Amino acid sequence: MTSFFSLRGRPTIATEYKGIPECALPGEHNAIFGYFRNTVPHGARVLDLASGRGAWAKRLTEQGYAVLACDIRPELCAVPCKRIDLNESFSDCFADAAFDAISAIEMLEHIENPRHIFRQSNNLLESGGHLVISTPNASGLH
């Protein structure tokens, strides 16, 4: 059975990864992962911001990345997930932790101050680390 979700009032096909809703346009996670695996070394330590249901974090984990998922509502996540409010100083929650990559898939438009995400992520990334972001509408970012 095909399921749908609403995107700007238009029904859109809902896709899943291993039974977990992706909460993104069909094919988007696949496309981003193509870039990710060519950019972020296999086995890298990855912080997944705003993991949602956990489809992206599960995909990365199954592909050999060491993933720490986090979300403001970790009880909704299908993978182990740490509670983090991204509008606060979330880098303080990871004392002395450093990540090879941080992913922020389809979340930036939900944050009060997107620049805050960049500053906090910079605090957590290893030198030469990667910040991988996708957003459906970046027109408000200047």
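## Helices, strands and loops of a predicted model

At 1.5 Å a residue, helix H1 with its 12 residues should span 16 Å, and the C-alpha atoms at its ends lie 17 Å apart, which agrees. The coordinates come from a predicted model, and H1 is a convenient place to enter it.

The protein chain as a whole has three helices and nine strands. Read from the N terminus, the order of elements is β-β-β-β-α-β-α-β-β-β-α-β. The chain has 142 residues, of which 41% count as buried. Taking contacts between residues at least 6 apart in sequence, 58% join residues at least 24 apart.

H1 covers residues 28–39 and H2 covers residues 55–62. Their axes come within 12 Å and cross at roughly 40°. An angle under 35 degrees would count as roughly parallel, and one from 65 to 115 as roughly perpendicular; the two helices are therefore oblique to each other. The crossing of H1 and H2 is right-handed. On the H1 side, the residues that meet H2 are His 29, Asn 30, Ile 32, Phe 33 and Phe 36. Their counterparts in H2 are Ala 55, Trp 56, Arg 59 and Leu 60. Sorted by class, this contact has six nonpolar residues, two polar ones and one charged one.

Each helix also has buried residues that can be followed outward to other elements. In H1 the buried residues are Glu 28, His 29, Ile 32, Phe 33, Gly 34 and Phe 36. The buried residues of H1 pack against H2 and against three strands, S5 (45–48), S8 (99–105) and S9 (125–134). In H2 the buried residues are Ala 55, Trp 56, Ala 57, Arg 59 and Leu 60. For H2, the packing partners of the buried residues are H1 and the strands S3, S4, S5, S6 and S8. Just after H2 comes Gly 64, with a positive phi of about 95°.

Two residues other than glycine also have a positive phi. Most residues other than glycine have a negative phi. Lys 18 has a phi near 50° and sits in the loop between strand S3 (16–17) and strand S4 (20–21). The relative accessibility of Lys 18 is 58%, so this residue counts as exposed. Glu 106 has a phi near 55° and is placed in the loop between S8 and helix H3 (114–124). With a relative accessible area of 14%, Glu 106 is buried.

The loop between S8 and H3 also holds Glu 112. Glu 112 counts as exposed because its relative accessibility is 73%. Its C-alpha atom is separated by 6.5 Å from that of Asn 87, although the two residues are 25 apart along the chain.

Phe 90 lies in the loop between S7 and S8. At 1% relative accessibility, Phe 90 counts as buried. Beyond its neighbours within four places in sequence, Phe 90 is in contact with Leu 49, Ile 84, Asp 85, His 116, Ile 117, Gln 120, Ser 121 and Leu 124. One of these partners, Ile 117, is 27 residues from Phe 90 in sequence, and their C-alpha atoms are 8.9 Å apart.

Strand S6 contains Leu 68. Leu 68 has a relative accessibility of 29% and so counts as partly exposed. Apart from neighbours within four places in sequence, its contacts are Val 46, Leu 47, Asp 48, Phe 94 and Phe 99. From C-alpha to C-alpha, Leu 68 and Pro 80 are 7.9 Å apart, with their positions 12 residues apart in sequence.

The loop between strand S6 (66–71) and strand S7 (81–83) includes Glu 75. This residue is exposed, with a relative accessible area of 57%. Glu 75 and Arg 53 are 22 residues apart along the chain, and the separation of their C-alpha atoms is 9.0 Å.

Note on methods:
Residues numbered from 1 in each chain as written. Predicted model: local features only at pLDDT ≥ 70, side-chain atom pairs only at ≥ 80, totals over all residues. Heavy atoms only, no water. Axes fitted to C-alpha atoms, helices over the stretch in contact; angles between N-to-C directions. Helix = DSSP H or I, 4+ residues; strand = E, 2+ residues; numbered from the N terminus. Parallel < 35°, antiparallel > 145°, perpendicular 65-115°, else oblique. Left-handed = near helix turned anticlockwise from the far one by under 90°. Contact = heavy atoms within 4.5 Å. Nonpolar A, V, L, I, M, F, W, Y, C, P; charged D, E, K, R; others polar. Expected span 1.5 Å × (residues − 1). Buried < 20%, exposed > 50% of the residue type's maximum accessible area, 1.4 Å probe, protein only.
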